[in-house]
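The following exercises train the reading of a protein structure. Attempt each task before consulting its solution.

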Amino acid sequence: MKSERVYEALSGLPEDLIEDAGTHVFRRRTIPWTRFGAVAAAAVLILGLGTWGLTRSGKGPVSSGGGTGGMGDSGGNDGASGAYTYMSYAGPVFPLTALGSSEGITAERHTEFDFSPYETSQGAREQDGEETAYDHYETETIVTDRYLMTNEGEADRTLTLLYPAALSLSKDAKLLPALSLDGAPVSTTLYAGPYAGGFVDMEGKRDGERWNLAGLRDWEAYKALLESGGYQTKALEDAPALEEPVTVYKVDNYVVAPTDAVNPTLLMSFSIDYARTTVLTYGSNGGSDDMENGICGRDVGGLHREWAIHPMYVILLGDDTTGGYELQGYRNGGCEPGDEIEITATVERYESTLGAFLRRIVTEQLETDNFGMLPLEETTLGTLISPELVYKCVAEMFASYSSTGETPAERYRNGMLEDLMGDSFVTTRIFYAAAEVTIPAGETVELAARMVKEASFDYFGMGTEKGYATNGYDLATVLGSTLQFTAQYASVRGLEAVELLENSFGFDPAAGVTEVRLDPAQEHYWLKLRRAEG
Amino acid sequence: MLYFFAAYLVKGPSKEMKLDLEDEKIIDLYFRRDEAAIRETEAAYGSLCMRIALNILSIRQDAEECVNDTWHSAWKRIPPTRPVSLRAFLGRITRDHAVSRWRAEHAKKRFDGMEILLSELDECVPAAADPEKITETAELTEQITIWLRNLNSEDRALFLRRYWYGDGVKELARERGERANNVSQRLLRLRKQLRKTLESEGVWIQ
């Protein structure tokens, strides 16, 4: 997929770049000072292997069983143990749940997967001033998840219903469930839980240093996340307060004296006690830390590109600088002695709290182009929900994984807030669409959730003869739900453009089985498909 | 001192290349259709190609087959091709063979070198995708080339050694005489800078 395109693009790089990189002799460095504990300057030889490989026993697909026609019963396969593990897992369709007790309320669930988005349509794009046509299709399904809810008591009941979906702020808003009651849109409040995944080291191991994001890879991981109910509780909580006082230095209004420097860079240097101050930045490109002498530098470059100039914020958590600051311009981001040039700027100092500062830049990020760091489309989920909810996602990430967080991740150790904020945007979490619904005594209402669901996929196609990409969708019957289900059904439609492959539901379109009754005792169902040939 | 990464963008000319004398002799053998060309190639670049293949496939037998395929491909393509850089020419062939093999067999493996590389490169992908403005691979290559040429030689070599050659972080850290942490952090900053650059240039990847 997209990273595959980048990898392929690297294949076409000029030979001189490849040659130089292959014959380059790296400058050997001494081990830098550490912030805590003993200081060492000796070079350390790291014994390591040039290659590595982690194998994981992949679980193969299981053939489905099916009925003989019309509606069939789901096959007797154990979907949970037979499901395929994808490299990019979109998460299952989750069941509706209710806050508090739903005793006396029963639910009958009907879930429909509509694969009509796989049909090819004609699109047009502008290229080199000309409009060219292209074939377009989506690897998405439209899911309609309907619940016939019956109040079997003698008094009217008002429930707060929650419909979960695994999404990120960077996704298109069409993926968010839209709730309706008896066919009419119902007012919804959106909640979001914390980042649902974890981190791995550079070898893909979870027990090492935490450098790379590692999303939830399969159904079992979501089950572990949600079955206790603790995650849902966190999703409904307010954002962390982050009331720690901070001193903020805003560097702006740069004036670069005429120069032939290709990358005018402004360095802000200041003295701190590293044991008492944590340095955070927003809008900085780099810097240096001399922990032994307590001298910190943070720089902002690219000042020759007017369209990309933005303020640099240096945020001191803890004590303020001990001796003011200095500004110095340099020819490039190396900030080396001898490369000084004249650059001036204004510096505004103010005191705030960490939470207030993060709220401010989250709001700025959503209202502007975020200094070009996160261009947001109009339909991006993060632009359509409340800034407070976006702030909550950022604040939770900070409170958990920043250098001062509960479980710091090495990934954020340099204190560059845009790294953490960017990750808050793209990482998967569970969103909950909440609606209050009143069910009169003795009556039945229909609560429906409708959404577009992305496919789970492998980066390259499955090893089929023709190498077509295989996509997957799956469903959780009862995970995280407090509803009492009387029955659950699943159906598929829009099959003209797809070929349904193995599935644990029991679908067999060739035999006319496109609707099945599910077993709520079976927690997980899955299906695989690919675009039909021709 | 602990140095952070800093990026800047300058468009510059390609570097003019001159073929190594030893490589010239090897290529002449190909043009004379002397089978000693394969032996000489293997002696000069066997370990490089094996390294590239192993970084992607992780299984020695598979990697050996890829390297053998590389010699076969080189024999078929030289002549008429006269590579400017035999290292890059052979490395690219090996890389392509290894990726093709990995595509066919990836379902049996998880968390191997190739998947980790792809996972890291995911962070280079611009934030939003617009199907109306899809960037062709050639243009993407051009933008990445410009970005690479504007890095200092250390960062450029680090990025390519990791994502073109597929070398591991520990190995790179050992060569640089620094902790794997620092290499990881530097690579992280490089990936994010590449993404920022691609976004600012209006690159859209489908």
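**Exercise 1: An open sheet in chain A**

Strand β15(A) and strand β18 (residues 312–318) of chain A are joined by 6 bridges and pair in the antiparallel sense. The model examined here is a predicted one.

Task. Determine in which order the 4 strands of the open sheet in chain A are arranged, and which are the edge strands.

Solution.
Step 1. Begin with a single pair of residues: Val279(A) has Leu316(A) in β18(A) as its bridge partner.
Step 2. Extend the view to the whole sheet, where the order is β15-β18-β13-β21 (chain A) and the pairing is antiparallel.
Step 3. Identify the edges: β15 (277–282) and β21 of chain A each pair on one side only.
Step 4. Consider the geometry: on average, neighbouring strands of this sheet are turned by 20° against each other, direction ignored.
Step 5. Add the helix: α6 (residues 354–367) of chain A packs on the sheet and touches β13 (245–256), β15, β18 and β21 of chain A. The direction of α6 makes about 125° with that of β21(A).

**Exercise 2: A residue of strand β21**

Task. Decide whether Thr353(A) counts as buried, exposed or partly exposed, and state which residues it touches.

Solution.
Step 1. Locate the residue: Thr353(A) belongs to strand β21 (residues 343–353) of chain A.
Step 2. Apply the cut-offs: a residue is buried with 20 or more other C-beta atoms within 10 Å, and exposed with 12 or fewer.
Step 3. Thr353(A) has 14 C-beta neighbours inside 10 Å and therefore counts as partly exposed.
Step 4. List the contacts, leaving out residues up to four places away in sequence: Thr353(A) touches Leu242(A), Glu243(A), Glu244(A), Pro245(A) and Val246(A).
Step 5. Set sequence beside space: Thr353(A) and Pro245(A) are 108 residues apart in sequence, yet their C-alpha atoms are 4.3 Å apart.

**Exercise 3: A strand with two partners**

Task. State which strands are joined to β14(A) by 6 bridges.

Solution.
Step 1. Strand β14 (residues 265–271) of chain A is mostly covered, with 5 of its 7 residues buried.
Step 2. One partner is strand β19 (residues 325–330) of chain A, which runs antiparallel to β14(A) and is joined to it by 6 bridges. Here Leu267(A) has Gln328(A) as its bridge partner.
Step 3. Another partner is strand β17 (residues 295–300) of chain A, again antiparallel and joined by 6 bridges. Here Leu266(A) is partnered by Val300(A).

**Exercise 4: A helix of chain B**

Task. Explain why helix α8 of chain B is described as largely enclosed.

Solution.
Step 1. Place the helix in its chain: chain B has 9 helices and 1 strand, and 50% of its 206 residues are buried.
Step 2. In α8 (residues 169–176) of chain B, 7 of the 8 residues are buried, so the helix is largely enclosed by the rest of the structure.
Step 3. Name the buried residues: Val169(B), Lys170(B), Glu171(B), Leu172(B), Ala173(B), Arg174(B) and Arg176(B).
Step 4. Find the surroundings: these buried residues pack against α7 (153–163) and α9 (180–200) of chain B.
Step 5. Follow the chain onward: just after α8(B), Gly177(B) takes a positive phi of about 65°.

Definitions and conventions:
Residues are numbered from 1 along each chain as its sequence is written. Chains are lettered from A and ligands numbered from 1 in the order in which they are written. This is a predicted model: local features need pLDDT of at least 70, side-chain atom pairs count only at pLDDT 80 or more; totals for chains, interfaces and linings use all residues. Helices (H or I, at least four residues) and strands (E, at least two) are DSSP runs, numbered from the N terminus. Two strands pair if DSSP finds at least two bridges between them. Two residues are in contact if their C-beta atoms, placed from the backbone, lie within 7 Å. Axes are lines fitted to C-alpha atoms, for helices over the stretch in contact, and angles run from 0 to 180 degrees between N-to-C directions.
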